[in-house]
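Biologist: Before I rely on any label attached to this structure, I would like to hear the reasoning behind it. Could you take me through the terms one at a time?

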4 protein chains.
Amino acid sequence: MPDDDDSSSAKAYLTGNLIYTESVTKTYYITVVVEKVLYTGKTRYQRAGVVVTPDLGKVLLLDGITQLSVSDEYIYHDNLVHPIMLSHPNPRKVLIIGGGDGGTLREVLKYKSVEKATMVELDPGVVDICKKYLPEVNAGAFDDPRTNLIFDDGRKYIETTDEKYDIVLIDLTDPVGQAAKLFTKEFYMSVKNVLNEGGGMATQSESAFFYKNIFATIRKTIATVFKHVSSTLAFMPSYGMLWAFTVASDYFNPAEISIDVIKARYERNKLQTRYYHPKMHQAMFILPKDLEEFLEKNDLPISTDEKPVSIET
Amino acid sequence: MPDDDDSSSAKAYLTGNLIYTESVTKTYYITVVVEKVLYTGKTRYQRAGVVVTPDLGKVLLLDGITQLSVSDEYIYHDNLVHPIMLSHPNPRKVLIIGGGDGGTLREVLKYKSVEKATMVELDPGVVDICKKYLPEVNAGAFDDPRTNLIFDDGRKYIETTDEKYDIVLIDLTDPVGQAAKLFTKEFYMSVKNVLNEGGGMATQSESAFFYKNIFATIRKTIATVFKHVSSTLAFMPSYGMLWAFTVASDYFNPAEISIDVIKARYERNKLQTRYYHPKMHQAMFILPKDLEEFLEKNDLPISTDEKPVSIET
Amino acid sequence: MPDDDDSSSAKAYLTGNLIYTESVTKTYYITVVVEKVLYTGKTRYQRAGVVVTPDLGKVLLLDGITQLSVSDEYIYHDNLVHPIMLSHPNPRKVLIIGGGDGGTLREVLKYKSVEKATMVELDPGVVDICKKYLPEVNAGAFDDPRTNLIFDDGRKYIETTDEKYDIVLIDLTDPVGQAAKLFTKEFYMSVKNVLNEGGGMATQSESAFFYKNIFATIRKTIATVFKHVSSTLAFMPSYGMLWAFTVASDYFNPAEISIDVIKARYERNKLQTRYYHPKMHQAMFILPKDLEEFLEKNDLPISTDEKPVSIET
Amino acid sequence: MPDDDDSSSAKAYLTGNLIYTESVTKTYYITVVVEKVLYTGKTRYQRAGVVVTPDLGKVLLLDGITQLSVSDEYIYHDNLVHPIMLSHPNPRKVLIIGGGDGGTLREVLKYKSVEKATMVELDPGVVDICKKYLPEVNAGAFDDPRTNLIFDDGRKYIETTDEKYDIVLIDLTDPVGQAAKLFTKEFYMSVKNVLNEGGGMATQSESAFFYKNIFATIRKTIATVFKHVSSTLAFMPSYGMLWAFTVASDYFNPAEISIDVIKARYERNKLQTRYYHPKMHQAMFILPKDLEEFLEKNDLPISTDEKPVSIET
């Protein structure tokens, strides 16, 4: 509850205000002052909270872990959606696993080429809370006639569906507990199985600095299933971390598609984006030297159903 | 003082340990657990501390503000030094303003072409502390015969020296108090004044997310003095921020130099770098769409001696 | 939002929950986990919040400073009200300055002898918030026909009223800013002025450990106006401090009244109390040796309108 | 490292300084700014640290838990030692279990009547650290010829020694892990076993507010072994808690010994104390009404070797 009127003063706001502390690692945290609490409660699966903060605007917390803020969700969603969508010549059917806030769906529906966007989310409570308190994130996407919203376990859905997709987008929380089975070789094989010819997938792939091993494991695991794998990085202030996103396909390497082709697709779909623009398309796949070398040379085991990658918390 | 032996446990370390909290903004902080305290004391100009942390390794704090950590200083120094040094065909004389830890000097001296590196640092105490507790940062740079270390006020030096330089590197703390006068139009004109024909400068230019206005003001101010201005961004975990670095010259636009030329210079100097590699040279200057647009269209005033840009603290 | 079901686990709750930090001093703080936020907003005079915490239950915060918790308000109110009320043979008219939560009023109205309880509170908003979110604190006191609630400045009221009182209870926030003028010699003289023969006053008098000087100054100032002055101490968990309460009268010294007399008054009024009982009446006025000596020998100046005692914040 | 010169400023010190956070409960903490770190390391049994803080002075931390501060250790030691020592007509032989800092020993040796003070401490490292960094706490007590310092397990010692004592003082850390066996009925029976006729024991007995159940269990357990049991309470700022101390004897009830007798013993021994004085001797045993009722009526199980009381952490 910092006062608007003295925003220019030198006063610290760590006392006299509600705050929340997010564990980046067990020995590195971010602490954020809360101006207002819009909601706290429980869904069937998790505790949920929506708070307003001076720097990040509205923030969604699930089980006490930051899921998104309205100030930087566009960075996340642009990195997850556009590099792969623009790498495909004509994505018509898209599957989203997770993504309960609707931001990924919103970006997918910007494509005129998209005929059907199926979103499989476990927790209806999250969708309800986001619709009510964070409507600007889905921006009407849940009401789009092309949207097919299914409440189900993503792993189960992908293993049993008969549908095929041009693009699969994996928009999940951290590989902790049950969620870990959505980061395994077996899961990625199921994803490949539902892809049409010419298709590809993208997933958030954790932090490239504090959880370099987790990122590398996810990427290496995906590389055992798909021919081309590449990643982009973006700083997410609400997470306090440099976040990685990984794109995979048997048919295309996004980093090798010419800017002119990307630009044409961008314009044909009349896209409006905030973070992504075509001229950065190839550039974003060039990783720092040390990270590139680490990804190439590490001897980490891949993630399997038997031994899934997992973040200790 | 977290125990090594139970590093795999789920225990939180916010209690039972020394910690420090760094103010990113007045309502967003990072908190870091301290394993060991190597030094606390005062130089002539400021309080100084060197602590060991589990995630960042050794950290240097001046007046309670994080200056560098051994885990990510290479990201900072690679961004500050190599994009501009490799944009110049043959940098022989380099001036560093600030940079008391010696990391910038270390990177500059990697160039075989460099004949003399003059470093003007205000606080001898910082150099002493860094030599003693953070020797891996300067890595012997202070003993290099090409090094010319001067303890003086950077602004005063640059206004009075008769020497000319190929490259000027500005490696300073935040524009707070006295330091603000090293971020003004008048200062950048003095910098231009000491440049040889073909020369250029680079400076750290604050955070591109939480202090977008400060970054934009610095860049805009530099653009009133130099013909070509471009910036790179890098996430600095020890600052908890996406950091901006700005390169300026009347003679070259680094983003337009071909990768082949950059590669040749890199190899000719037999450079070894950790973060930077030639193939990212052009890519790193492509900024996100919204930031690029903000930098082009903002109506922020420029920073002058009369009204310098300043971070309120 | 800690879970009830795992209350026995070893998990720390500093992350993943809302918390608030109360500044005890500038270098000593208490931090409390918040389970639920009942209210945040502004009255005409101050920011207000009501939160639920696991250890303290509901907590009222004004301008970010803890005012009371339902778990320990009875300790505060018993110390403020009963030592003086039972030291008077027959208190019929009582004046309360401040006390917007209604807890002091509640304790006063327990006395059958009380015919009229006038409460002068500056901020109607505080009364409204407490009635709505903390009804157990006033416990119906605001609806008692003997209650005379006036919204006014306490200092102004006491200087202009024609009414006389047997007991005056001063239940105020810290001596900061405007409130400081309710801790001066001139104010206590005005209080004396509205007292009936045989009457006395009691006031909260800040912390006896971290703000020993403030406590001693208040007590010394009162001692320039009243013949008998004595104090009790009680630990307030919600403040994280040992709190002092001071009783003053020209007619009685509460510590010298026999337990039998106190017991008889307690029974005659059919009192029910939680913290106070007659057998502790004399004992509570015996202070630790070092504090007693400090109160006797300090050379602190007294608090006057010209130079009021004040807590720096 | 807050600056002395601006101690009057309104600046907060939560950022820009080392701090430590002490867990009072899992949802209530105290946070203390550290000015200087004197020592961090490990003994054979535990991690140890000695830091300097603005409000508490030097603080000793063991395994990250506050053991004592030089600003309030006298409150603890006066409550543990003098109420029982003065309740005995002529204590000549005293046994201290724990008490590695030497403060309890120091108070015991103030008695001219004491001929031998045996102290059984588990961890020689703690004694070494306290001698070096906190010499004012033992104040030469370890060099007193009457001192008999033994490094051993307290439980084992008391079960095997042939010596008898007039007073046993139990000065231990919290009942966690191994230490829990020093809070059981079997242990108190062993204590009784080493007491001379006319003797008694005293122990710290945890917090009376946040750990009321633990305190009540310890007291109830002692009451199954000794005829008279009574307690005193004192606020310990360095713990952030109201601390309880419990006295037990088959021969005397300290609360019933007349002040005149106590005074005579105090003077005969030429005692100098800071917190305790004879006139508070009876008063300190009168507990608040609700706590007294809770101690009388609770149905908590007693603590036994099979099921010892224990604080979950």
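The conversation below takes up the sheet, its strands and the domains in turn.

Modeller: Please keep in mind throughout that this is a predicted model.

Biologist: What makes β9 (147-151) and β12 (228-236) of chain C edge strands?

Modeller: The open sheet in chain C has seven strands, in the order β9-β8-β7-β10-β11-β13-β12, with mixed pairing. β9 and β12 of chain C each pair on one side only, and they are therefore the edge strands. From one strand to the next, the twist averages 15 degrees.

Biologist: How do you know that β7(C) pairs with strand β8 (residues 116-121) of chain C?

Modeller: Pairing requires at least two bridges between the strands, and five join β7(C) to β8(C), so the two count as paired. They run parallel, and within this pairing Ile96(C) has Met119(C) of β8(C) as its bridge partner.

Biologist: Why is the connection from β7(C) to β8(C) called a right-handed crossover?

Modeller: The chain leaves β7(C), passes through helix α2 (residues 103-108) of chain C and arrives at β8(C), which makes a β-α-β crossover. With the strands pointing away from the viewer, a clockwise path over the helix is called right-handed, and this crossover is right-handed, so that is the sense in which its path runs.

Biologist: What makes strand β7 (residues 93-98) of chain C mostly covered?

Modeller: A residue counts as buried if 20 or more other C-beta atoms lie within 10 Å of its own, and six of the six residues of β7(C) are buried, so the strand is described as mostly covered.

Biologist: How do you know that β10(C) pairs with β7(C) and with β11(C)?

Modeller: Five bridges join β7(C) to β10(C), in parallel, with Val94(C) bridged to Ile167(C) of β10(C). Five bridges also join β10 (residues 165-171) to β11 (residues 195-207) of chain C, again in parallel, and there Leu169(C) stands opposite Ala202(C). At least two bridges are needed for a pair, so each of these links qualifies.

Biologist: Turning to chain A, how do you know that domain 1 (18-69) and domain 2 (73-297) are in contact?

Modeller: Residues are in contact if their C-beta atoms lie within 7 Å, and 22 residues of domain 1 of chain A meet 19 residues of domain 2 of chain A in this way, so the domains touch. Their C-alpha centres lie 23 Å apart. The side of domain 1 of chain A that touches domain 2 of chain A has 13 nonpolar, six polar and three charged residues.

Notes
Residues are numbered from 1 along each chain as its sequence is written. Chains are lettered from A and ligands numbered from 1 in the order in which they are written. This is a predicted model: local features need pLDDT of at least 70, side-chain atom pairs count only at pLDDT 80 or more; totals for chains, interfaces and linings use all residues. Helices (H or I, at least four residues) and strands (E, at least two) are DSSP runs, numbered from the N terminus. Axes are lines fitted to C-alpha atoms, for helices over the stretch in contact, and angles run from 0 to 180 degrees between N-to-C directions. Domain bounds come from an automatic or database domain assignment. Two residues are in contact if their C-beta atoms, placed from the backbone, lie within 7 Å. Ala, Val, Leu, Ile, Met, Phe, Trp, Tyr, Cys and Pro count as nonpolar, Asp, Glu, Lys and Arg as charged, and the others, Gly among them, as polar. A residue is buried if 20 or more other C-beta atoms lie within 10 Å of its own, exposed if 12 or fewer, and partly exposed in between; C-beta atoms are placed from the backbone.
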